[in-house]
Amino acid sequence: MIKYTRYNIFTSPGVEEQTSYYDGCSCYPVCEDQCSCPQGDLVFHRDKRIKMEGENQRPIFECNSECMCPPHCSNRVLQQGIQLPLQVFKIVSKGWGLRCTQDVAKGTFVCEYVGEYLSDADARDRQRNLYDPKGLNYILNINEHVGDRPIRTHIDGTVISNIARFVNHSCDPNLVTRVIRVDCDVPRIGLFANTNIPANTELTFDYGSTDESREMDPRKLYPCRCGAARCLGYLPFNPFVL
């Protein structure tokens, strides 16, 4: 049984206490490239599609609850929630999947990956002792660096999540993940179309790097059933958690 939530939940003790909150911008009526929130040029077009040029990978800072700009500001995307008609559907070889019943233009925000924020210790314990024996793989791991200091964030969508839980992995995905921050420094994950997607096409994203998987015992890897022409045959994994 899955408990549906629209927002991430702080589960592990101490995680939320480490959070720092942001000041807002004074832009009005809309934000321009000089807006203080993005910490650089705006990464969204006026129609709120993300700029895909150059495979922009830098962190995204949206305007927040302290900003003077209105809700329709182009730098408010993930926080507005799902705007597309998404549908969970049955797939014989995979169980469940997610699709959109209308065409999706490249760069369009599809949904946020939502779940429980876990500490390193809790993420490792859940994966090893609860999820691995059942073949479950719903902890999304974010690895960032501040200078030489690594920062890990774990979002567990196994039991508490939203519709993004049903997005399957693909070795040739049509969605891309982007790290986004809104009111505070705790990262959130947005899924965006990385190509034009026809209506009723299964939506997929890459669960992570497969580089470490090549060194793993194949018996410990989950088989991949994405069906892509360049499928690697197994799902990615996070060696830190395992």
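Is Asp172 buried, partly exposed or exposed? Asp172 is partly exposed, with a relative accessible area of 44%; buried means under 20% relative accessible area, exposed over 50%, and partly exposed in between (1.4 Å probe, protein chains only).

**Basis of the model**

This is a predicted model, in which local features need pLDDT of at least 70 and side-chain atom pairs count only at pLDDT 80 or more, while totals for chains, interfaces and linings use all residues. Residues are numbered from 1 along each chain as its sequence is written, and side-chain values use heavy atoms, with hydrogens and water left out.

The predictor's confidence in each residue is given by pLDDT, from 0 to 100. The protein has an average pLDDT of 88, and 90% of the residues score at least 70. Confidence is highest in strand S6 (residues 109-113), at 98, and lowest in S8, at a mean of 87. Where pLDDT is low, the predicted coordinates should not be read in detail.

Helices (H or I, at least four residues) and strands (E, at least two) are DSSP runs, numbered from the N terminus.

**Two open sheets**

Two strands are paired if DSSP finds at least two bridges between them. One open sheet consists of four strands in the order S2-S7-S9-S8, with mixed pairing. Its edge strands, each pairing on one side only, are strand S2 (9-10) and S8. S2 and S7 run parallel and are joined by two bridges; Ile9 has Glu116 of S7 as its bridge partner.

Another open sheet of four strands follows the order S3-S12-S13-S6, and its pairing is also mixed. Here strand S3 (60-61) and S6 are the edge strands, each pairing on one side only. S12 pairs with strand S13 (residues 188-193) in the antiparallel sense over six bridges, and Val176 stands opposite Phe192 in S13.

**Helix H1**

Helix H1 (residues 120-131) has 12 residues, and at 1.5 Å a residue it should span 16 Å (1.5 Å times one less than its number of residues). The end C-alpha atoms of H1 are 15 Å apart, which agrees. Its buried residues are Ala123, Arg126, Gln127 and Tyr131. They cover an arc of only 95 degrees around the axis (taken from the directions from the helix axis to the C-beta atoms), which puts them on the same side of H1. Among the elements that cover these buried residues, by contact (heavy atoms within 4.5 Å), are strand S7 (116-118), strand S8 (139-146) and strand S9 (149-156).

**Salt bridges**

Side chains of opposite charge can pair when their charged atoms come close. A salt bridge is a side-chain nitrogen of Lys or Arg within 4 Å of a carboxyl oxygen of Asp or Glu. The structure holds nine salt bridges, including those in the table.

| Pair | N to O distance | Accessibility |
|---|---|---|
| Arg49 and Asp47 | 2.7 Å | Arg49 28%, partly exposed; Asp47 47%, partly exposed |
| Glu116 and Arg126 | 3.0 Å | both buried |
| Arg230 and Asp172 | 3.3 Å | Arg230 55%, exposed; Asp172 44%, partly exposed |

Glu116 and Arg126 meet in a salt bridge. The pair links distant parts of the chain, with Glu116 in strand S7 and Arg126 in helix H1, 10 residues apart.

Arg230 forms a salt bridge with Asp172. Arg230 lies in the segment after strand S14 (204-205) and Asp172 in the loop between strand S11 (168-169) and strand S12 (175-181), so the pair ties together parts that are 58 residues apart in sequence. Elsewhere, salt bridges that share partners join Glu116, Arg126 and Asp156 into one network.
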